[in-house]
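This report goes through the strands, sheets, helix contacts and a few single residues of one protein chain. Please keep the sequence and the structure open while reading.

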Amino acid sequence: MIVTYDVIVIGGSYAGMAAALQLLRARRSVLVIDAGRRRNRFAAHSHGFLGQDGVNPAEIARVARKQLQAYPTLTWIEGVAEATAGEKDSFTVRIADGVRHEGRRLLFAVGVSDALPPVEGLAERWGRSVFHCPYCHGYELDRGPIGVIATGPMSVHQAQLIPEWGQVTFLTNGAVTLDEAMRTDLVARGVAIEESSIQRLDGEANVLLADGRRLSFAGLFTASRNAPSTPVASTLGCELVDTPFGSQISTSDMKETSVPGAFACGDAARVPHSVSLAVADGAWAGATIHRSLVFP
């Protein structure tokens, strides 16, 4: 017998679980399909999330899942959603083992992938001493020296903002050309400009330049390019939209995608990104999905 769920949630991280919680509390049947690859899995601590400041993000996720599992209308599958099809009230999701699941509504809470600058040693330090969000990690650097590694024009904004957390060196690394107005603004903010190319990162947060100099920092920031972590929403025909950070799933204010009955939330469907914002976005998506079931 094939079970048709009220809602299938693809992605069981913070946004997906926040949405599922609203639906479960409305006594709706919810299937969560989770691949188990949280974006912040490399970080030891999550900051800026009220009530959970400094907690290991894996622990936040563990407790949240345990709380969801107390609701009898939850089904949780650990697996990879590969394709979606159908229409409102009759969607199908195929997972990697070939099994198909049916639902009246779909929610894509798939998170994003981070395309990092091709600097040797950077990927190994991502989430540990190289970050994207100063609100999440800036305070812990204790106003020490901070490097900002450019990836493009958006990095100028990052270099302008981060002096709030410490003395900044902007490492252009051939990724951005500064005009006179940019230079004047950065210097006025106390930002040092370093235009030598980067050879590699070493130590905790050291930058070895091509000319042999080594600059030591308390931490580094860079603006990764983002895209949904999986193309599964595109298999349904959901439109994507370009943002200054990359691409995301296009949604209405009610978090509905371009495909009626299919919704998206969290990092894959909004900017900027943080755990707090993902949870809020998921909670709103869960409520609007419920309303779409009540008022079709």
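## Strand β2 and its partner β1

The model is predicted. Strand β2, residues 30–34, is mostly covered, with 5 of its 5 residues buried. V30, V32 and D34 point one way from β2, while L31 and I33 point the other way. In a regular strand the side chains alternate between the two faces of the sheet. Both groups in β2 are buried, D34 included.

Strand β1, residues 4–10, runs parallel to β2 and is joined to β2 by 4 bridges. Within this pairing, V7 stands opposite V30 of β2.

## Helices α1 and α2

The axes of helix α1 (residues 14–25) and helix α2 (residues 57–68) come within 10 Å and cross at roughly 20°. An angle under 35 degrees counts as roughly parallel, so α1 is roughly parallel to α2. The crossing of the two helices is left-handed.

On the α1 side, the contact is made by Y14, M17, A20, L21 and L24. These meet P57, A58, I60, A61, A64, R65 and L68 of α2. By class, the residues of this contact divide into 11 nonpolar, no polar and 1 charged.

## Helices α4 and α5

A second helix pair is formed by α4 (residues 154–161) and α5 (residues 180–188), which pack at an angle of about 20° with their axes 9 Å apart. Helices α4 and α5 are therefore roughly parallel to each other. Helix α4 passes α5 in a left-handed crossing.

Which residues make this contact? From α4 they are V156, A159 and Q160, and from α5 they are M182, D185 and L186. The contact of α4 with α5 has 4 nonpolar residues, 1 polar and 1 charged.

## The parallel five-stranded sheet

An open sheet of 5 strands has the order β8-β15-β9-β10-β11, and the pairing is parallel. Its edge strands are β8 (130–131) and β11 (192–194), each of which pairs on one side only.

At the β8 edge, the partner strand is β15, residues 219–222. The two strands pair in the parallel sense over 2 bridges. F131 has F221 in β15 as its bridge partner.

## The antiparallel three-stranded sheet

Another open sheet has 3 strands in the order β12-β13-β14, with antiparallel pairing. Strands β12 and β14 (214–216) stand at the edges with a single partner strand each, so one side of each is left without a neighbour in the sheet. Neighbouring strands of this sheet are turned by 25° against each other on average, with direction ignored.

Strand β13, residues 206–209, is joined to β14 by 3 bridges, and the two run antiparallel. Among the residues of this pairing, L208 has R214 in β14 as its bridge partner.

## S196 and its contacts

S196 sits in the loop between β11 and β12 (198–202). Strand β11 is an edge strand of the five-stranded sheet, and β12 is an edge strand of the three-stranded one. Leaving aside neighbours within four places in sequence, S196 is in contact with N173, L209, D211 and R213.

How far is S196 from P260 in sequence and in space? The two are 64 residues apart in sequence and 50 Å apart in space, C-alpha to C-alpha.

## Backbone features in loops

Two residues have a positive phi without being glycine: D89, at about 75°, and R143, at about 60°. D89 lies in the loop between β4 (81–87) and β5 (90–95). R143 lies in the loop between α3 (134–137) and β9 (146–149). Is each side of this pair exposed or partly exposed? D89 counts as partly exposed because its relative accessibility is 37%, whereas R143 is exposed, with a relative accessible area of 58%.

The peptide bond from V271 to P272 is cis, with omega near -5°. P272 belongs to the loop between β19 (262–264) and α7 (275–294).

Key
Residues numbered from 1 in each chain as written. Predicted model: local features only at pLDDT ≥ 70, side-chain atom pairs only at ≥ 80, totals over all residues. Heavy atoms only, no water. Axes fitted to C-alpha atoms, helices over the stretch in contact; angles between N-to-C directions. Parallel < 35°, antiparallel > 145°, perpendicular 65-115°, else oblique. Left-handed = near helix turned anticlockwise from the far one by under 90°. Contact = heavy atoms within 4.5 Å. Nonpolar A, V, L, I, M, F, W, Y, C, P; charged D, E, K, R; others polar. Buried < 20%, exposed > 50% of the residue type's maximum accessible area, 1.4 Å probe, protein only. Pairing = 2+ DSSP bridges.
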